[in-house]
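Student: I am new to this structure and would like a close look at one spot on its outside, and then at how the parts behind that spot are held together. Could you take me through it slowly?

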Amino acid sequence: MCPSMYFVTITLLVLLPATCSLKHTPIYKDEQKSTTTIAEDTEGGIESSASGSKDELVVPSQSQEQVERRVSPNTHIPQGKLASSLPDRPTLLGSIIQTLLRNPQTVSQLMTVLGVNNGKYTSSVLNNGEETQFQKLLSTVGNMLSEVQYFLTPEGLESEDRCTADVSAYLQGVEQGQMWALQMLDASGKPGRSILQGALKFLGNYDECLLVSHAVTNGSTNSGHTIKGNYCHFVFTIPAAISNLTNGNMPFSLGQPTVQWDLCLPKSCNDSAVSDAASILVKNITGVSLITAYFTKLSDWKEDSTAVATVFVICLVVALSLIGTSYDIITVEIERYRQKCNDNEDDSGAYISEAFVTDDDILRGKENNGHASNGLPRIRIGKISHGEQNQQKEKSIGLGRQLLLSFSISRNTEKILNTRTGDGNLGCIHGIRVLSMAWVILGHSMTWDSLSTWENMLDYANWMRRFTMQFLVNGTLAVDTFFVLSGCLLTFLFLRECEKSARGKPTARQMVIYYIHRWWRLTPVYMFIILFYSGLLGHLIKGPVAESRNIFEKDNCRDNWWTNILYINNFYNFKDMCFPASWFLAADMQFYVIAPLALLPIAFGIPWLGYSVMCLFGAVHIGSYGYLEWKLGGATQFVGNADSMNKIYPLPWCRVGVFAVGMMLGAILQRTKCKIRIPRYVLVLGWQVILTIGLLCTYVTYDDFGEGHTPWDVDTRIVHETLYRPLWGVFVSWVILVCCTGHGGFVNSLLSWPAWIPLGRLTYGAYLAHPVLLSYTEFSVRSLRYADIPYVSYHFLGTFIVAYALSFITSLLVESPCLGLEKAVLGRLKK
């Protein structure tokens with residue numbers, strides 16, 4: 001920490017109020033001055049009758065020379081005269097500063113501890129008469145104190161300003177040892193440990209500050225005014241010479257380092273008042289400037305229309321779920337009662353004179369697969385079982401009942417937790433989906449909000465240089481895994497449905513339903529999460545860092561939510577994008593829209609054209625990615641992070657190649673019906689090659705910035721960034737291929753474990769819920785956290801489990817009901 005910043009913020013408490021030697025009475029414009037008690041100033045002390053939580057304010061006695069004294073801002077005070085230029089009767093903080101400035105040896109030791117100039121400031125250098133950087137600093141501080149001395153007089157304080165009077169009363173309370181004032185001082189941030197490890201946020205006690213409430217008295221009369229504490233944030237720049245705490249080795253760009261220093265100040269002050277005071281304080285300090293100063297804004301959700309709308313929607317969804325569940329329970333009980341009565345009337349099970357088409361597997365086996373000689377399904381007349389009756393009733397129920405049952409919590413729970421799968425299920429997909437989601441959550445849980453709440457950010461940089469941590473460095477590959485899965489499932493299911501249709505080719509109505517289904521599948525729960533994120537989350541988060549980012553996309557969501565609904569937010573107004581994880585959903589929807597360019601030719605019997613379009617998608621990916629990398633000079637998440645993440649990473653034409661790899665895989669699986677014979681030697685060789693590719697994609701970056709390694713040149717970075725994502729898609733495709741064709745062995749057994757199936761259904765909700773959860777946990781902290789491997793592990797596990805729990809809740813209340821509504825409505829349209 002530089003000496004400039006150390007003295008800048010310590011002196012800030014002296015600048016805001018009337019302090020130094022000039023004791024004065026805070027006078028409020030709405031108070032009666034006749035009640036003021038004048039106390040005698042004997043031996044420089046103030047006789048106070050303050051006790052308990054109330055203080056008695058006094059009027060200062062000072063000379064005319066003190067009142068009229070103004071010092072030019074350019075006045076230079078030599079170091080030797082600095083002590084004499086300080087006030088005669090300083091406050092507690094003034095005494096600290098004065099003591100430090102009078103003792104060069106103490107200051108030298110302090111600067112050595114803070115790491116300034118590698119500890120080269122020694123008392124011998126200070127006493128040599130040579131003007132060092134620190135001596136210049138002392139002169140600057142002296143000029144600063146002289147410059148603001150008039151501001152600290154009663155006249156300079158403008159006694160009618162309530163903020164100034166409250167701050168003055170606060171500092172008088174500190175001198176007099178009053179508990180309320182000491183609580184405010186105690187609640188203010190102080191420089192702590194690990195500054196050189198990146199702990200540049202000096203947080204105070206947020207809750208203690210807001211609890212301060214002190215009734216002001218004038219003499220024996222209560223003025224009716226109460227001083228309340230409010231939490232104020234000051235953000236400063238630091239000199240460029242020491243701004244890079246990691247000597248350029250931080251793997252993720254965290255932006256220009258800043259210092260946040262939080263103070264507990266009276267609530268009567270506003271942002272402009274503290275900004276002006278802080279600007280005066282730092283304007284003569286070379287290399288340091290005030291970025292912003294602002295108070296915590298306590299808001300009531302009832303006054304926020306978006307928050308009120310969010311609460312209304314949540315209540316509506318819960319009410320519909322309760323109504324649907326109640327209706328389901330009541331109708332089931334009524335039906336059970338009726339069935340019991342029917343059983344009592346006819347225990348033999350009367351034959352029903354109704355004919356129905358059966359697709360019973362046993363019957364088909366006994367009667368030549370259930371078909372007559374004319375090729376039509378056989379008709380069976382006989383006794384219908386209760387289960388068959390229930391199935392027939394469910395198919396014949398009205399639309400209104402279907403809509404109500406869509407909100408049944410019991411039915412939706414059964415659907416989510418069901419481990420049975422239908423025909424054409426690719427079992428390993430579920431395990432890959434959940435493990436990839438765990439990879440995403442692990443990466444986000446370690447880097448959310450750029451590690452701003454970590455005490456030891458430098459340790460993170462050291463971890464990332466280790467070989468074993470490269471899988472975390474390359475965690476963005478998990479997103480490419482989802483693109484592969486999406487392309488594979490889309491192609492496989494689309495071509496299978498085309499084969500099942502009467503014509504063997506998709507119709508115009510089916511293509512319309514194709515797009516409606518995808519939009520409806522993603523959007524309702526997506527919009528529900530965004531509404532909660534932008535409307536209510538900000539009111540739930542409290543703490544010293546709650547407004548450091550102010551839920552940074554909240555206003556973006558309120559202004560640009562329409563880009564999310566249209567799924568264009570990954571390239572339109574990307575810098576003002578709403579919701580950090582939404583770029584992936586936009587890209588995936590865009591790929592879904594253009595996928596028929598390759599799927600329709602295959603469905604209409606022109607497979608070569610469809611495969612050519614897939615290859616074209618891959619060429620677009622490699623060409624655009626390579627060109628942008630060349631244009632930006634080999635931007636990566638380590639070099640040129642902002643350019644890489646904003647100008648390449650979210651763009652659909654730079655990610656479509658991985659989706660195309662998945663489409664190619666899906667087409668192969670559908671065409672071969674997952675029955676491919678792979679010779680053993682091909683299987684062994686293929687695993688060796690594919691494992692090499694996978695390990696290179698995840699661990700080759702160790703050669704770039706690992707300990708003792710020479711960083712790559714621009715050409716190497718361009719080649720790596722352009723090719724490693726499509727190659728990762730090939731790796732994932734091989735794993736799916738061998739597992740679905742019966743050659744996966746224990747890998748397939750692991751990935752096809754039935755327990756993955758319910759979690760796989762909840763993965764989409766977990767992807768949406770975990771950014772909300774991380775925003776809450778990261779912005780609600782009361783102090784910086786020391787992160788080590790055990791802490792990160794528990795933080796990840798907690799985030800993963802709670803994210804899936806939240807996904808289960810949102811799936812019950814929103815996602816599953818919407819799928820039920822879609823089935824009820826679109827099912828009738830298909831008919």
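Tutor: Let us begin with Phe571, which is partly exposed because its relative accessible area is 40% (under 20% is buried, over 50% exposed, and partly exposed lies in between, with a 1.4 Å probe and protein chains only). This is a predicted model, in which local features need pLDDT of at least 70 and side-chain atom pairs count only at pLDDT 80 or more, while totals for chains, interfaces and linings use all residues. Residues are numbered from 1 along each chain as its sequence is written, and side-chain values use heavy atoms, leaving out hydrogens and water.

Phe571 sits in the loop between α23 and α24 (582-594) (helices are DSSP runs of H or I with at least four residues, numbered from the N terminus). Together with Trp561, Trp562, Leu566, Tyr572, Leu616, Val620 and Trp653, Phe571 makes a nonpolar surface patch of about 800 Å² (residues over 30% relative accessible area without a salt bridge, nonpolar side chains joined within 5 Å and like charges within 9 Å; areas by Shrake-Rupley with a 1.4 Å probe). Two or more residues of this patch come from each of α23 (554-565) and α26 (607-631).

Turning inward, the largest nonpolar core has 123 residues, and those with the most contacts inside it are Trp454, Phe579, Leu669 and Ile736 (buried Ala, Val, Leu, Ile, Met, Phe, Trp, Tyr and Cys joined through side-chain atoms within 4.5 Å). Helix α20, running over residues 477-500, gives the most to this core, with 13 residues. A second core, separate from it, holds 40 residues, among them Cys209, Val259, Leu265 and Cys269.

Helix α20 also takes part in charged pairing, and the structure as a whole holds 14 salt bridges (a Lys or Arg side-chain nitrogen within 4 Å of an Asp or Glu carboxyl oxygen). In one of them Arg655 pairs with Asp480, with the closest N and O atoms 3.1 Å apart; Asp480 is in helix α20 and Arg655 in the loop between α27 (641-647) and α28 (656-672), so that parts of the chain 175 residues apart are linked. Both Arg655 and Asp480 are buried.

Another bridge joins Glu499 to Lys673, with the closest N and O atoms 2.6 Å apart, and here helix α20, which holds Glu499, is linked to the loop between α28 and α29 (680-699), where Lys673 lies, across 174 residues. Glu499 counts as exposed, at 51% relative accessibility, whereas Lys673 is partly exposed, with a relative accessible area of 43%.

A further bridge runs between Arg521 and Glu815, whose closest N and O atoms are 2.6 Å apart. Because Arg521 lies in helix α21 (residues 508-535) and Glu815 in helix α35 (residues 789-830), this pair ties together parts 294 residues apart in sequence. Arg521 is partly exposed at 23%, while Glu815 is buried at 5% relative accessible area. Asp480, Arg655 and Arg725 are joined into one network by salt bridges that share partners.

Aromatic rings add a last layer, with a count of 30 aromatic pairs (ring centres of Phe, Tyr and Trp, the latter by its six-membered ring, within 6.5 Å; planes under 30 degrees apart are stacked, over 60 edge-to-face, the rest tilted). Trp583 and Phe584 form an edge-to-face pair, 6.2 Å centre to centre with 85° between the planes, and both of these residues are buried. Ring pairs link Trp583 and Phe584 into a cluster with Phe482, Phe483, Phe591, Tyr649, Phe659 and Tyr767.
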